[in-house]
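Open the model in your viewer, keep the sequence panel beside it, and follow the stops below in order. At each one, select what is named and then compare the view with the text.

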Amino acid sequence: MRVLVVAAPLAGHMTPLLPFAHALWDSGHEVLLAGGGDALPRPAGPDARSLPFIDVARNLRLGRLAARSLVTHPVTARAELTGRAGDAGVRSLFGPVNEGLTDALVTVAEQWRPDVVLHEPLAVAGALAAARHDVPAVLHENGLLDGLATARTLMHSRPVQRARARHGLHDVPRPAVVLTIAPASLVGPRDALAVRPAGPAGGPALPGWLKAPSVRPRVLVLRGGGPMRGDLQTSALRTVQATEDLGCDLVLSRPPARLARRTGPGVHTVGRVAPAELLPACAAVLHAGSSGHVLSALTAGIPQLALPGPGDRRHNAELVAARGAGIGGAVTEDALRRLVHDGELAAAAREVRAEIAAMPPPQARVDVVAALA
């Protein structure tokens with residue numbers, strides 16, 4: 001069986017699909033990854049395996065599309081920066097992105113002849129390519145948004161409708177299979193087959209000092225969270241330095257040089273180590289709200305502060321807070337104290353960790369997709 005795996009050309013969109021792509025490959029099936037831009041897969045660690053990849057976004061200028069969206073839909077663009085644009089935000093950027101991907105994907109499918117096309121919700125161009133060549137499509141969620149609802153929104157956007165008309169696609173079938181990596185207790189029941197999200201991807205070894213026990217709980221602070229890299233870390237550092245004693249140590253992951261120079265007692269820095277490797281050594285984590293970081297923290301079973309932000313990040317932060325496994329909001333003294341000392345947050349995070357561990361691994365779903373060919 002040949003499976004074409006499609007992701008939008010943005011950072012983080014391809015990564016959640018890779019465990020299933022590797023499971024297909026390990027089962028003897030042929031796999032071709034299709035993406036581009038910031039979604040180029042970068043293997044981590046000396047033993048990481050690379051899958052065949054084709055860049056289908058060479059002619060896309062994401063910056064130009066984003067600027068055009070800002071000019072054409074200024075109200076939506078401003079709302080998107082705070083995570084409040086909803087379906088309009090999805091259509092305004094990802095509609096043109098998918099229109100630009102469709103022609104290349106149709107050509108790739110014509111030449112490579114996949115038996116199945118697996119795509120993420122914001123890459124419905126994969127579903128168009130599948131329909132154009134009459135092969136089944138599999139929708140693989142790569143975050144916490146409702147994949148079917150998101151894909152439906154995009155399918156009805158004007159740019160995607162133009163792409164459909166260009167290829168004579170009056171009707172695009174519903175995905176033959178939907179796979180979700182979102183824990184049900186976080187997002188509610190979905191008409192999809194659960195697949196365990198990816199664990200640690202490997203990479204540089206954990207520093208020795210993080211492997212050793214710590215008297216004070218460690219709070220990991222990832223980069224991001226504002227228009228400048230390190231804004232979240234800056235807020236955390238200021239909060240700690242302005243408070244007499246929060247009873248915890250901060251661990252800043254890859255802080256900018258301007259911050260690394262300001263560290264003092266109770267503040268440590270760590271280099272380029274994957275967050276999923278760092279999390280088990282810490283008692284809590286602060287991050288900018290991406291679904292990847294939310295799921296990594298839940299997989300580790302530790303409380304988290306998810307900062308509401310652009311795109312799906314406000315939605316993700318609200319889900320974390322509603323589940324009781326963390327806080328969705330700004331960094332404050334009270335928020336840091338709760339993360340470290342609130343036993344209910346820790347218990348909820350451990351509950352979701354157990355839920356994720358019970359989800360079937362990608363290998364368990366390979367036969368379901370193989371049966372479509």
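In which helix is Ala127 found? Select residues 125–132, which form helix α5, and you will find Ala127 there. Please keep in mind throughout the tour that this is a predicted model.

**Stop 1: Ala127 and its surroundings**

With Ala127 still selected, ask whether this residue is buried or exposed. Ala127 has a relative accessibility of 7%, and because buried means under 20% relative accessible area, Ala127 counts as buried. Now show the residues around it: when neighbours within four places in sequence are left aside, Ala127 is in contact with His119, Ala137, Met155 and Val172. For a longer view, add Ala77 to the selection, which lies 50 residues from Ala127 in sequence and 26 Å from it in space, taken from C-alpha to C-alpha.

**Stop 2: two helices that cross**

Next select helix α4, residues 86–112, together with helix α6, residues 147–155, and turn the view until you can follow both axes. These two helices pack at an angle of about 65°, and their axes are 9 Å apart. The crossing in which α4 passes α6 is right-handed. Which residues make the contact? On the α4 side they are Asp87, Val90, Arg91, Phe94, Gly95 and Asn98, while α6 contributes Thr150, Thr153 and Leu154. If you colour this contact by residue class, you should find three nonpolar, four polar and two charged residues.

**Stop 3: salt bridges between α4 and α7**

Side chains of opposite charge can pair when their charged atoms come close. In this model the count comes to 11 salt bridges, and the next selections show some of them.

Select Glu99 and Arg162, whose side chains meet in a salt bridge with a distance of 3.0 Å from N to O. Glu99 lies in helix α4 and Arg162 in helix α7, residues 158–166, so this pair ties together parts of the chain that are 63 residues apart in sequence. The two partners also differ in how they are classed, since Glu99, at 17% relative accessibility, counts as buried, whereas Arg162, at 46%, counts as partly exposed.

Now select Asp103 and Arg166, where another salt bridge is found, with 3.2 Å from N to O. Here too the pair ties together parts that are 63 residues apart in sequence, because Asp103 lies in helix α4 and Arg166 in helix α7. Asp103 is partly exposed, with a relative accessible area of 36%, and Arg166 is partly exposed as well, at 42%. Show these four side chains together, and you will be looking at a network of salt bridges that links Glu99, Asp103, Arg162 and Arg166.

**Stop 4: the loop before α4**

Move to Arg84, which has its place in the loop between α3, residues 74–81, and α4. Arg84 is exposed, with a relative accessible area of 55%. When residues up to four places away in sequence are not counted, Arg84 touches Ala79 and Arg314. Add Pro310 as well: Arg84 and Pro310 are 226 residues apart along the chain, yet their C-alpha atoms are separated by 7.9 Å.

**Stop 5: the six-stranded sheet**

Now turn to the strands, and look for an open sheet of six with parallel pairing, in the order β10-β9-β8-β11-β12-β13. Why do β10 and β13 each have a side without a neighbour in the sheet? Both β10 (267–270) and β13 (326–328) stand at the edges with a single partner strand each, so one side of each is left free of a sheet neighbour. From one strand to the next, the twist averages 20°.

Within the sheet, select β8, residues 218–221, and β11, residues 284–287, which run parallel and are joined by three bridges. Leu220 has Val285 in β11 as its bridge partner. Then add helix α15, residues 333–341, which packs on the sheet, touching β8, β11, β12 and β13, with its direction at about 145° to that of β11.

**Last stop: Glu351 and Arg323**

Finally, select Glu351 and Arg323, which form a salt bridge whose closest N and O atoms are 3.2 Å apart. Glu351 lies in helix α16, residues 343–357, and Arg323 in helix α14, so the pair ties together parts that are 28 residues apart in sequence. Glu351 is partly exposed, with a relative accessible area of 47%.

How values were computed: Residues numbered from 1 in each chain as written. Predicted model: local features only at pLDDT ≥ 70, side-chain atom pairs only at ≥ 80, totals over all residues. Heavy atoms only, no water. Pairing = 2+ DSSP bridges. Helix = DSSP H or I, 4+ residues; strand = E, 2+ residues; numbered from the N terminus. Axes fitted to C-alpha atoms, helices over the stretch in contact; angles between N-to-C directions. Contact = heavy atoms within 4.5 Å. Left-handed = near helix turned anticlockwise from the far one by under 90°. Nonpolar A, V, L, I, M, F, W, Y, C, P; charged D, E, K, R; others polar. Buried < 20%, exposed > 50% of the residue type's maximum accessible area, 1.4 Å probe, protein only.
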